[in-house]
Amino acid sequence: MLVDRFGRKHTSLRISVTDRCNLRCTYCMPADTPDYCERDSILTFEEITRVVRVAASMGVDDVRLTGGEPLVRAQLHKLVAALNAIENVKKVSLTTNGILLVDQLPELHAAGLRSVNVSLDALDEPSFAEVTRRPGLQRVLDAIEACRKLHIKVKVNAIAMRDFTERQIAAFGEFTRATEIPVRFIEFMPLDADGNWDASSVLPGRRILELFSDQVRPLIQKGTPNASPANDYQFDDGVGTIGIIASVTEPFCDTCNRFRLTADGQLRSCLFGGDSGDLRQVLRDGGDNQAIADRMIAAVQAKKRGHGTDDLAFDRPSRPMYSIGG
């Protein structure tokens, strides 16, 4: 089992399949096209499948595909099908901005995809374009509706940014109450390519709850926190769900069960850490499965107790979000 020095069992693997993206979100991407990884440095589907097979043998049962934007990677449904066929893998899910989802959804569904997180920060076109630097809101909304028709579980993720998210509260309240799709707000983290993050740009989770109570209805916490990063709340009449991921103001490191594989084959035990193991080298130098397992064990063992964003000595990660994988 992949257990770190603090007793946290790691059962969830986030895999970035590309660092490329078709949006330029201000909290992640630079305005201009960045220097992406060379294509031959990106792991192949066969290499990713081999890594997941080894991880599954050590207790990983939850795999999420991310980017960049994963749907810009051609034939992604083939990887979804391959991962779903691995023994012990119980869930293969996808995080996407939704722009390309409608066209690919039939093949993804046929490959076994049943869970999608859609990144969506605004529900009006001007605000959508402000944060993404691109148009496309209706395409995202159409994708969400297409998922619902196929009975694919959908959650919406919104980055909580001061002086932006406040004006989206009422619209997201109406959205979750009308669709019963959970909307989760993730505090803005220091992972933007432009380097503009500072603590004053974070809209704290507790303030988001207050805004919903003021503008929509009071929220009541659902259940007790677990390994999930989100604390979920339901409106007091039982209609609509809001999740809070307070990754900056109230870190949930004690229950973290996740580690990551970047598109270029680097292990990362924490979003805010450094690369902690080169699997691409092992894969391409003829390493056996035990060598892959040893790199994963070492990466998890090196994981710190917390991510440290609340420490004055905190150093920003060397990679922005699109280069790590959500």
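Strands S4 (residues 115–119) and S5 run parallel and are joined by five bridges. They belong to a predicted model whose chain holds ten helices and eleven strands. The radius of gyration is 19 Å, which agrees with the value near 20 Å that a compact globule of 326 residues would have.

**Strand S5 and its neighbours**
- Within the pairing of S4 and S5, Asn117 stands opposite Lys155 in S5.
- S5 is also joined to strand S6 (residues 183–187) by five bridges, and these two strands run parallel.
- In that second pairing, Ala160 stands opposite Glu187 in S6.
- S5 spans residues 153–160, and six of its eight residues are buried, so the strand is largely enclosed by the rest of the structure. The cut-off for "buried" here is under 20% relative accessible area.

**Overall dimensions and packing**
- Taken along the principal axes, the box filled by the C-alpha atoms of the chain is roughly 60 × 45 × 40 Å.
- Of the 326 residues in the chain, 54% are buried.
- Among contacts with a separation of 6 or more, 72% are between residues 24 or more positions apart.

**Surface and charge**
- The exposed area of the chain is about 14200 Å², of which carbon and sulfur atoms supply 48%.
- The chain carries 41 positive and 44 negative charges, and the mean positions of the two sets are 4 Å apart.

Technical notes
Residues are numbered from 1 along each chain as its sequence is written. This is a predicted model: local features need pLDDT of at least 70, side-chain atom pairs count only at pLDDT 80 or more; totals for chains, interfaces and linings use all residues. Side-chain values use heavy atoms; hydrogens and water are left out. Helices (H or I, at least four residues) and strands (E, at least two) are DSSP runs, numbered from the N terminus. The radius of gyration is taken over C-alpha atoms; the globule rule is 2.2 Å times the number of residues to the power 0.38. Buried means under 20% relative accessible area, exposed over 50%, partly exposed in between (1.4 Å probe, protein chains only). Contact means heavy atoms within 4.5 Å. Accessible areas come from the Shrake-Rupley method with a 1.4 Å probe; for residues, only the protein chains shown count as cover. Lys and Arg count as positive and Asp and Glu as negative; His and the chain ends are not counted. The place of a charge is taken as NZ of Lys, CZ of Arg, CG of Asp or CD of Glu. Two strands pair if DSSP finds at least two bridges between them.
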